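Here is a set of questions and answers for a reader new to this structure. Please look at the sequence and the model together.

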Amino acid sequence: MRFGAITTQAVILSSNELKCIVPASKKPWLVSTSVTMNGNDWSIEDLQYRYLSKITVFNVQPFDIPISGGVPINISGMNFELSGAGYCSFGGVLRTLTIISKTLSTCMAPSTLKVGKIDFDFFLHGNSFMDHEMKKLSYFEPVNLHISPPYGSRGETLLEIYQILMDRQQPLL
């Protein structure tokens, strides 16, 4: 297979499919590609391959997610292309990536039954772009607080705050 003037080896998977590793490029650009089966006769179709700018992830927020999920996870960085399929992996559970701009993408966190840390990854154009430090998100069980009384005079009112879990009231210590 040829990318511009650079030739690379391809593996034939079937009579109508092959696979190769795209040669590296230091800049974004559009290059013509062609295929040969014998090393001499190259395809004449105008097949184009587009090198994209390097994608970088700066931040993922929030790191803490309630077990009910439904929270948008914002991924900020640079060079998020506005085309191409992307997804996020929440401990192996895949969710569609929505590219908002070249610097912001988002995925909706799924629900889970377990509290604790999970592996998180972000894929665009078939590649992962997460640094090791940002690869963990944490699911937690939300706590509902109740305040009693919810009103009072300007001072000296005895105030109690309760944590409400599973229909029980427990005073906070």
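**Disulfide, core and sheet**

The structure holds one disulfide. The model is a predicted one.

Q: Which residues form the disulfide?
A: The structure holds one disulfide. Its sulfur atoms are 2.0 Å apart, and the cut-off for such a pair is within 2.5 Å. The two residues are Cys88 and Cys107.

Q: How many residues apart are Cys88 and Cys107?
A: The pair links distant parts of the chain. Cys88 lies in strand E10, and Cys107 lies in strand E13 (residues 104–108). The two are 19 residues apart.

Q: Is the disulfide of Cys88 and Cys107 right-handed or left-handed?
A: The torsion about the S-S bond of Cys88 and Cys107 is about 80°. The disulfide is therefore right-handed.

Q: Is Cys20 buried, partly exposed or exposed?
A: Buried means under 20% relative accessible area, and exposed means over 50%. Both Cys88 and Cys107 are buried. Cys20 has 23% relative accessibility, so this residue counts as partly exposed.

Q: Which strand gives the largest share of the largest nonpolar core?
A: This core has 21 residues, and those that touch the most other members are Val60, Ile65, Ile75, Phe90, Leu97, Phe120 and Phe122. Elements that give two or more residues to the core include strand E7 (56–61), strand E9 (72–78) and strand E14 (116–124). The largest share is four residues, and it comes from E14.

Q: Which cysteines is Leu97 in contact with, leaving aside its neighbours within four places in sequence?
A: Beyond those neighbours, the contacts of Leu97 include Ile75, Tyr87 and Phe122. Leu97 also touches both members of the disulfide pair. These cysteines are Cys88 and Cys107.

Q: Which strands stand at the edges of the open sheet of four strands?
A: The order of the strands is E2-E1-E5-E6, with antiparallel pairing. Two of them have a single partner strand each, so one side of each is left without a neighbour in the sheet. These are strand E2 (6–7) and strand E6 (47–51).

Q: Which residue in E6 is the bridge partner of Thr33?
A: Strand E5 (residues 29–34) runs antiparallel to E6, and five bridges join the two. In E6, the partner of Thr33 is Leu47.

Q: Over which residues does pLDDT stay under 50?
A: The chain averages a pLDDT of 84, and 90% of the residues score at least 70. One stretch stays under 50, and the model has six contacts for it beyond four places in sequence. That stretch is residues 166–170.

Note on methods
Residues are numbered from 1 along each chain as its sequence is written. This is a predicted model: local features need pLDDT of at least 70, side-chain atom pairs count only at pLDDT 80 or more; totals for chains, interfaces and linings use all residues. Side-chain values use heavy atoms; hydrogens and water are left out. Two strands pair if DSSP finds at least two bridges between them. A nonpolar core is a set of buried Ala, Val, Leu, Ile, Met, Phe, Trp, Tyr and Cys residues joined through side-chain atoms within 4.5 Å. Buried means under 20% relative accessible area, exposed over 50%, partly exposed in between (1.4 Å probe, protein chains only). Contact means heavy atoms within 4.5 Å. pLDDT is the predictor's confidence in each residue, from 0 to 100.
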